[in-house]
Amino acid sequence: MARLPSLDLLRGFVAVGRRMSITLAAQDLFLTQSAVSRQVAALEAALGVALLVRRHRAVEFTPAGRQLFEVADAALDDVGRCVRALRQREAQRPVTITASVGVTGLWLLPRLSTLQVALPDIDVRLSADNRLNDLRAEDIDLAIRYCRAEDAPPGAVRLFGETIAPVAHPALGLRKLGSARALRELRLLDLDDAIHPQLRWQAWLDARGWSAAAHAGFSRFNQYDQAIQAALAGQGVALGRLELLRAQLEGGLLRVVEAPASPAPLSHAYWLLQASDPPAQARPAVRRVADWIRSQAAG
């Protein structure tokens with residue numbers, strides 16, 4: 001075993017041999033062209049024999065390269081089939097969905113019972129995480145991302161946009177914020193998030209020319225669902241992301257407070273990502289859950 005070359009070097013060489021192109025092999029391996037070239041060169045150095053003849057925009061096998069490719073290609077195919085068999089225990093594998101803490105708590109969790117009724121044969125695992133996870137490395141099937149269209153990863157499917165408006169518990173009796181003076185006795189429930197200033201009260205006030213408006217103070221939270229929980233408890237007024245709060249609004253737990261509209265449209269939206277590329281190659285259970293998420297978003 002100690003005398004065998006590195007599996008990474010063999011994999012790079014086989015990828016080149018299957019495509020007869022270093023450029024296409026690099027795309028298959030999600031590596032740079034120079035990285036694949038270095039792998040092949042390192043394998044040649046380890047074996048002490050040339051494996052490829054490099055020509056302009058093309059490569060050819062040497063006799064030694066052809067011999068090694070035929071054996072290594074078959075061996076890696078066998079390993080690949082074994083690995084796939086180990087991973088395809090679909091019945092025991094839940095479909096893992098990741099989203100931010102706020103999206104998980106306010107949009108996914110209220111719909112979980114609907115999912116269980118619609119897909120009773122599929123186990124689902126929710127991963128609430130504000131990090132941008134590496135879906136493949138962390139074995140995550142689906143992700144809901146919140147970003148601008150230009151920042152959405154390739155293959156992302158737009159679920160819905162965003163509407164932001166003040167929301168409060170009906171017990172506060174607050175129906176309208178017609179001017180800056182209406183804020184004087186209100187406590188503002190704010191999200192402490194420097195990455196998304198559009199979700200903070202100061203940006204909302206600035207956009208309406210109310211930057212210096214007097215109010216009863218801020219209560220700040222580092223998670224969006226905490227701010228909403230405070231609003232549900234009647235502790236102040238929050239900036240509601242209305243698409244996430246449909247259940248609370250329709251149930252009368254929160255009320256949209258009428259206020260001047262934003263002078264500029266919001267650029268952020270919610271996007272669905274799949275780890276499988278293309279998505280059609282995903283496990284059937286993953287495709288069914290993805291279809292369910294899209295149907296819920298369309299509603």
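Which two side chains meet in a salt bridge at 2.2 Å, N to O? In this predicted model, the pair consists of Asp291 and Arg294. Both residues belong to helix H10, which covers residues 284-298. They are three residues apart there, about one turn of the helix. Asp291 is partly exposed, its relative accessible area being 42%, and Arg294 is also partly exposed, at 30%.

Side chains of opposite charge can pair when their charged atoms come close. A search of the whole structure finds 20 salt bridges. One of them joins Asp73 to Arg18, with 2.6 Å between the closest N and O atoms. Asp73 is part of helix H4 (residues 63-87) and Arg18 is part of helix H1 (residues 7-19), so this pair ties together parts that lie 55 residues apart in sequence. Asp73 has a relative accessible area of 17% and is therefore buried, the limit being under 20%. Arg18, in contrast, counts as partly exposed, with a relative accessibility of 46%.

Helix H4 also holds a salt bridge between Asp78 and Arg81. The N to O distance in this pair is 2.4 Å. Asp78 and Arg81 are three residues apart in the helix, so about one helical turn separates them. Asp78 is partly exposed, at 45% relative accessible area, and Arg81 is partly exposed as well, at 47%.

Salt bridges also link several residues into a network, made up of Asp190, Asp192, Arg200 and Arg220. Asp190 lies in strand S8, which runs over residues 188-191. Along S8, the side chains of Leu188 and Asp190 point one way, while those of Leu189 and Leu191 point the other way. All four of these residues are buried.

Strand S8 pairs with two strands, S9 and S10. With strand S9 (residues 218-221) the pairing is parallel and extends over four bridges. Within this pairing, Asp190 stands opposite Arg220 of S9, and both residues also belong to the salt-bridge network. With strand S10 (residues 237-241) the pairing is again parallel, here over two bridges. On this side, Leu189 stands opposite Ala238 of S10. Strands S8 and S9 are further related through helix H7 (residues 201-207), as the three elements make a right-handed β-α-β unit.

The pockets of the model were also examined. The second largest pocket has a volume of about 580 Å³. Its lining consists of 27 residues. Nearest to the centre of this pocket lie Ser100, Asn130, Tyr146, Asp193 and His196. Several elements contribute to the lining: strand S3 (95-99), helix H5 (101-108) and strand S5 (142-148) each supply at least two residues. The largest share comes from S5, which provides five residues. By residue type, the lining of the second largest pocket divides into eleven nonpolar, nine polar and seven charged residues.

How values were computed:
Residues are numbered from 1 along each chain as its sequence is written. This is a predicted model: local features need pLDDT of at least 70, side-chain atom pairs count only at pLDDT 80 or more; totals for chains, interfaces and linings use all residues. Side-chain values use heavy atoms; hydrogens and water are left out. Buried means under 20% relative accessible area, exposed over 50%, partly exposed in between (1.4 Å probe, protein chains only). Two strands pair if DSSP finds at least two bridges between them. A crossover is right-handed if, with the strands pointing away from the viewer, the path from the first strand over the helix to the second runs clockwise. A salt bridge is a side-chain nitrogen of Lys or Arg within 4 Å of a carboxyl oxygen of Asp or Glu. On a 1 Å grid over the protein atoms alone, a cavity is a set of points where a 1.4 Å probe fits but cannot get out, and a pocket is an open set with protein on both sides within 12 Å along at least five of seven lines; lining residues have an atom within 4 Å of a point. Grid points are joined across faces, edges and corners, and a volume is the space filled by probe spheres set on the points. Ala, Val, Leu, Ile, Met, Phe, Trp, Tyr, Cys and Pro count as nonpolar, Asp, Glu, Lys and Arg as charged, and the others, Gly among them, as polar.
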